[in-house]
Amino acid sequence: MRLNQLLGLLLSASVLSAAQAADITLALGTEPSTLDPQTAQDGSERAVSRNIFETLLTRTPAGELVPQLATALPRQIDATAWEVTLRPDLKFSDGKPLDAAAVAASINRIVDPKTASRQRPFFLGIKQAEAVDAVTVKVHTNGADPALPARLSWLTIVSPAAAADGSLSQKPVGSGPYVLTEWSKGNRIVLTKNPNYWNPKAVGNVDRATYRFVAEPGTRLSGLRAGDFDFITNLLPEDTKRVAKAVTLKGTDLPFVSLNALKGLTADVRVRQALNYAVDKEALANDLYGGYASVSHGQLLAPGWFGYDASIKPYPYDPKRATELLKAAGAHGKSIDLYAPSGRWLKDKELAETIAAYWEAAGLKVNFRVLAWAEYLDALNKNRVPTEAQISSSHSNQLLDADRTLSAYYAEGGVAAANDNAELKKLIEDARQEADPAKRQALYSKALQIGRDQAYLVFLLDGGEIFGLSKRVDFSPRVDGLIPLKDFRVTD
């Protein structure tokens with residue numbers, strides 16, 4: 001071999017090695033509340049922990065269900081049971097086997113009411129799981145549960161030992177391509193490549209990722225422009241031309257306001273309808289979000305999710321009608337509470353401020369309170385928000401199936417529902433167990449129309465996240481809204 005050829009090979013190897021050892025820094029708007037992926041429903045937790053933990057199935061960036069820890073999609077063996085076959089010789093990052101017993105334990109843990117998982121609406125169709133042999137898991141369902149494959153794409157498999165001893169939230173043990181090497185509370189989280197990952201060819205060239213927690217959009221932007229960050233969340237629409245790269249995907253986050261139909265002013269359907277008529281959604285989409293959102297069709301579902309019904313009409317902007325309804329209900333001039341987070345979702349604080357202004361223009365006195373994300377979560381989880389308050393939030397549905405949304409936000413007893421509509425609840429439960437897609441869609445369409453007419457929510461927008469990237473990083477948004485490090489490519 002000639003000397004110049006040898007030098008060329010050595011140089012190529014050096015460049016490859018450097019690429020494989022790339023470090024990046026990501027700025028999130030909030031710090032994870034935990035790194036236990038089965039207990040919280042926290043976007044920042046997902047941004048980190050979904051690199052540490054894996055699922056039986058996963059989705060392609062476009063949304064197709066494909067195997068991950070499983071060898072194939074699950075097989076339905078009778079009306080209420082499915083079988084899943086695992087890849088052989090899987091291990092957790094601590095070297096312990098990830099076998100059928102571990103998978104069954106993970107499934108049973110998340111559906112156990114004692115776990116008090118905020119993710120239970122994802123898994124209401126699952127009854128329990130059992131290990132048939134070392135690589136075969138049988139999942140028992142409540143009825144046919146056609147959404148079971150989608151559920152298994154979201155149900156994380158955790159170390160039974162770490163779950164049992166209570167260390168999972170601070171010392172996560174999974175099977176994913178990255179492991180936790182540092183968590184300096186309030187400062188940063190550092191992940192590094194799992195040297196024993198079972199599928200190294202699927203991982204990009206990010207060797208080390210540092211997550212920083214920066215609440216202010218302007219500070220995240222400045223850090224990106226200065227080269228301190230390679231990736232930032234919730235880039236403001238007006239700043240997309242000020243960064244090297246900006247990427248977005250609509251329909252991953254749907255801002256809304258949850259209304260209490262059981263107590264206070266909003267127990268009257270006329271008031272709830274007035275709160276919908278009072279808000280100019282077109283102005284929000286175009287002026288506040290710069291065209292990076294569109295008006296919701298009167299439902300908390302986005303196009304492409306099973307159950308979505310485009311025939312359901314949005315509430316038009318009709319401030320005169322809003323005022324008339326408030327007067328008819330005896331609510332005009334009365335006070336109403338609105339709670340909102342700051343820093344979690346794109347323009348979450350500004351959106352809630354604007355909604356409060358619309359409601360006041362219609363004739364209400366709005367007691368508006370903004371909480372930092374951690375405080376907001378704590379207030380909700382520990383029932384520190386007044387029972388009659390309205391809650392500004394945003395919704396994502398990684399199952400891409402209406403059951404997750406309607407079980408949580410429409411059905412009586414749902415983790416974020418505040419109504420006692422028995423007919424609506426039965427429609428949702430029947431749809432969960434209906435195997436025929438057309439009949440299932442019809443049930444959801446009827447449920448969505450009831451939810452729209454009863455105005456259990458203020459239906460706002462079909463939105464999405466906007467990410468800012470440095471010149472050295474490539475990343476394409478996914479329909480499930482996840483931010484897996486394995487999908488990043490560092491080009492320098």
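Contact here means heavy atoms within 4.5 Å, and the exercises below apply that cut-off to a predicted model.

**Exercise 1. Domains and their contact**

Task: State which domains the assignment gives, and work out how domain 1 and domain 3 are placed relative to each other.

Solution: Begin with the bounds, since the domain assignment of the protein gives domain 1 as 20-52 + 176-244 + 470-491, domain 2 as 53-161 and domain 3 as 251-464. Next take the centres over C-alpha atoms, where domain 1 and domain 3 are separated by 30 Å. Then apply the cut-off of 4.5 Å between heavy atoms, by which 17 residues of domain 1 are in contact with 16 residues of domain 3. A further annotation comes from UniProt, where an unreviewed entry places the feature "domain: Solute-binding protein family" at residues 64-385. In the model, the end C-alpha atoms of residues 64-385 lie 39 Å apart, and this span is 26% helix and 26% strand.

**Exercise 2. An open sheet and the helix on it**

Task: Trace the strand order of the sheet that holds β5, β6, β8 and β7, and identify which helix packs on this sheet.

Solution: Start with the order, which is β5-β6-β8-β7 in an open sheet of 4 strands with antiparallel pairing. The edges are β5 (75-78) and β7 (126-133), each of which pairs on one side only, and from one strand to the next the twist averages 30°. Now follow the pairs in turn: a hairpin of 2 residues joins β5 to β6, and these strands pair in the antiparallel sense over 3 bridges, with β6 covering residues 81-85. Within this pair, R75 stands opposite E83 in β6. The step from β6 to β8 is also antiparallel and is made by 5 bridges, with T136 in β8 as the bridge partner of T85. Finally, the helix that packs on the sheet is α3 (residues 100-111), which touches β7 and β8 (136-141) and whose direction makes about 170° with that of β7.

**Exercise 3. A pair of packed helices**

Task: Describe how α8 and α10 pack, and list which residues meet.

Solution: Two packed helices are described by the angle between their axes and the distance between those axes. For α8 (residues 281-288) and α10 (residues 348-362), the angle is about 145° and the axes are 12 Å apart, while the handedness of the crossing is right-handed. Turning to the residues, A283, L284 and L288 in α8 meet E350, L351, T354 and Y358 in α10. Sorting the residues of this contact by type gives 5 nonpolar, 1 polar and 1 charged.

Key: Residues are numbered from 1 along each chain as its sequence is written. This is a predicted model: local features need pLDDT of at least 70, side-chain atom pairs count only at pLDDT 80 or more; totals for chains, interfaces and linings use all residues. Side-chain values use heavy atoms; hydrogens and water are left out. Axes are lines fitted to C-alpha atoms, for helices over the stretch in contact, and angles run from 0 to 180 degrees between N-to-C directions. A crossing is left-handed if the near helix is turned anticlockwise from the far one by less than a right angle, and right-handed if clockwise. Ala, Val, Leu, Ile, Met, Phe, Trp, Tyr, Cys and Pro count as nonpolar, Asp, Glu, Lys and Arg as charged, and the others, Gly among them, as polar. UniProt positions are given in the numbering used here, feature names are shortened, and annotations may be inferred rather than shown by experiment. Two strands pair if DSSP finds at least two bridges between them. Domain bounds come from an automatic or database domain assignment.
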